[in-house]
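The following exercises concern hairpins, sheets, helix packing and symmetry. Please work through each task before reading its solution.

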Number of protein chains: 2
Amino acid sequence: MSSEDRKVTGISKISSGFALRDENNNIIDCELLKGRYSIFFYVNNLDSTKSKKLLHYFDNKIDVLMKNSIELFVVVKRAPEKISQFRKSEKVSLEIFSTEKQDELAWLGIDRSEVNDNIALFYDRWRVKRGYWKSIEDKTQVIEIIESAKASVKQDKLISNAISLRRARRSIRKDKVPRKDIERLIKAAHLAPSCFNKQPWRFVAVDDGETLEKLHNYISAGNSWMNNAPVLIVVYSSKELDCELSDNRDYYLFDTGLAVGMLLVQATKMGLIAHPVAGYKPKKFKEILELPDNSVLITVIAVGYQGESSLLNEKNQKEEITGRKRNPVESIFHWYK
Amino acid sequence: MSSEDRKVTGISKISSGFALRDENNNIIDCELLKGRYSIFFYVNNLDSTKSKKLLHYFDNKIDVLMKNSIELFVVVKRAPEKISQFRKSEKVSLEIFSTEKQDELAWLGIDRSEVNDNIALFYDRWRVKRGYWKSIEDKTQVIEIIESAKASVKQDKLISNAISLRRARRSIRKDKVPRKDIERLIKAAHLAPSCFNKQPWRFVAVDDGETLEKLHNYISAGNSWMNNAPVLIVVYSSKELDCELSDNRDYYLFDTGLAVGMLLVQATKMGLIAHPVAGYKPKKFKEILELPDNSVLITVIAVGYQGESSLLNEKNQKEEITGRKRNPVESIFHWYK
């Protein structure tokens, strides 16, 4: 982010209590850091030979940082005009920022005592602290900081394991899943967005043997593997619980899908199989579970820990090890131009 | 997992090439590890004083491991009956497993040369290698292994950042997003499950200024913040692309919701705002983008990096900093019994 960028945005008008200043005494507002990877490097004693060397190491890495969309903020407790003098005499090309009141520390989640040391912090685009280094002394540490930040940026671009490791697994073992874990899945689902925040999704979970047995009678024969699942989460909604907009846009099932999407991701993260199916008798399920007659019972999710394949019949065992089948991405996506 | 558990499952009938054996010469099948956290500890020289000490350290931690649902497999290259003798004479209570052909190494993703050393590995419930320790010498390292595994188990239970950090943010800055990043979002979406694997979701992305400008004319006034978004992803589907089942269960919008759920999670992981809206003129959008007349254009997702709040009008600025609003979880979820 060049100083030109900072001018263009006119951001300095926003008062945020974030009080870094650049050499020309312009305020650097925390708003500017939103959505940007950033390394903060606090230099405790700028005039020491050690500090000067560290600055030069970072200076040499500016290109690497830029290439990885990482902003670097070298911060010292010194007036802007003195920083300017220092940079000229030391031939440092990287920008150095001034903090006098150190108001930014709270915003960064650092304690005042921590900056009596050379420390570095790495924040991601959501301002989550992803790295923290103390007592920075030498080149090796500077390289470590930069490599670690680069690795985080790279890692963030990969498809989430919680998405890619999910499969429609059937080999669920009977072991109980704690209720609080199931409730966490629901909490994750409930964080989904919805049309006008209508939150049309409804869930009822069943883990008692008696009710499960009743439900098993109304699961399709092909889904008999579900009988092992210690928990079934039944998902339903109704048209009137959500926006009904022009051109056939009823949002209730779409938004419920968003919520179930979150639930599946969270389950995978927690090491749980969560396998939504459509093969059951919805009217019977609604009757047994005393759900509104007019609701649409859109899916039943079998939840449990993965078990050995021998839990399955031969057909299901084969399915369990087949690769994921998807139509070519070109058949579902294109750039308009 | 007790040896009783292993008998009950009758798993040893499955041939997997995984050739650990317990003291009683029972085969431990890799199938048994599915869905379980596990630490593998390879002991290179069982008779050394060092190794014996390490075993006792682990022995003292068995309760902690069990409490955290972590299985421990101490593995040595020695015949089962000799292991039995060793355990008796050394008064080691933890189980030790025998590997002779070391067939399990490939399954674990370890090279044969690596086990000429005391190494430990930690796998999660999906058999993802989450920790690897070499040259294990002392108690400190054993504690580190166990603490690290415990931390992973705990971390896995937390609600995913990629779910909880998502908000309906509007302050998108104009900076371009590389096309390959948008394509990664689509790939994540395309990993969603669907009824009979119908994959009914369709996406068209727009990032050229001319088309974006045309579309802006048909976005509701309240959504004018979308004009800054460098990319719009338009999501559509049709009833006949997916299952149409009894009791009003049309799956196309639900499954499309699942896919968009994955997309939102992936975007958040990548540090991108992805904000789906309903406020646009669907017929005009379909006309401009040449989409099938009978399709339902269920949402438009504004995508871009977060920028400063000053990009927004006053009303939107206020909304940007309000807390997340959700109805109490009791209103959307209950246990049947």
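**Exercise 1.** Determine which residue takes a positive phi in the hairpin of β6(A) and β7(A).

*Solution.* The hairpin has 5 residues between its strands, and Arg127(A) takes a positive phi near 60°. Strands here are DSSP runs of E of at least two residues, and helices are runs of H or I of at least four residues, numbered from the N terminus. β6 (residues 119-123) and β7 (residues 129-133) of chain A pair in the antiparallel sense over 4 bridges; pairing requires that DSSP finds at least two bridges between two strands. Phe122(A) stands opposite Gly131(A) in β7(A).

The model is predicted: local features need pLDDT of at least 70, side-chain atom pairs count only at pLDDT 80 or more, and totals for chains, interfaces and linings use all residues. Residues are numbered from 1 along each chain as its sequence is written, chains are lettered from A and ligands numbered from 1 in the order in which they are written, and side-chain values use heavy atoms, with hydrogens and water left out.

**Exercise 2.** Establish the strand order of the open sheet that contains β14(B), and identify its edges.

*Solution.* The order of the 5 strands is β12(A)-β13(A)-β9(A)-β8(A)-β14(B), with mixed pairing. At the edges stand β12 (273-277) of chain A and β14 (333-335) of chain B; each has a single partner strand, so one side of each lacks a neighbour in the sheet. The strand β8 (residues 202-206) of chain A runs parallel to β14(B), joined by 3 bridges. Trp335(B) is the bridge partner of Ala205(A).

**Exercise 3.** Describe how α2 and α6 of chain B cross, and name the residues in contact.

*Solution.* The axes of α2 (residues 49-60) and α6 (residues 139-157) of chain B come within 10 Å and cross at roughly 35°. (Axes are lines fitted to C-alpha atoms, for helices over the stretch in contact, and angles run from 0 to 180 degrees between N-to-C directions.) Contact, meaning heavy atoms within 4.5 Å, is made by Leu54(B), Tyr57(B) and Phe58(B) of α2(B) and by Lys139(B), Val142(B), Ile145(B) and Ile146(B) of α6(B).

**Exercise 4.** Explain how chains A and B are related.

*Solution.* A turn of 180° and a shift of 0.0 Å along the axis lay chain A on chain B with an RMSD of 0.0 Å, by least squares on the C-alpha atoms of residues with pLDDT of at least 70 in both. The two copies are therefore related as by a two-fold rotation axis. Of the interface residues of chain A, 100% are also interface residues in chain B, so the copies meet through the same surface.
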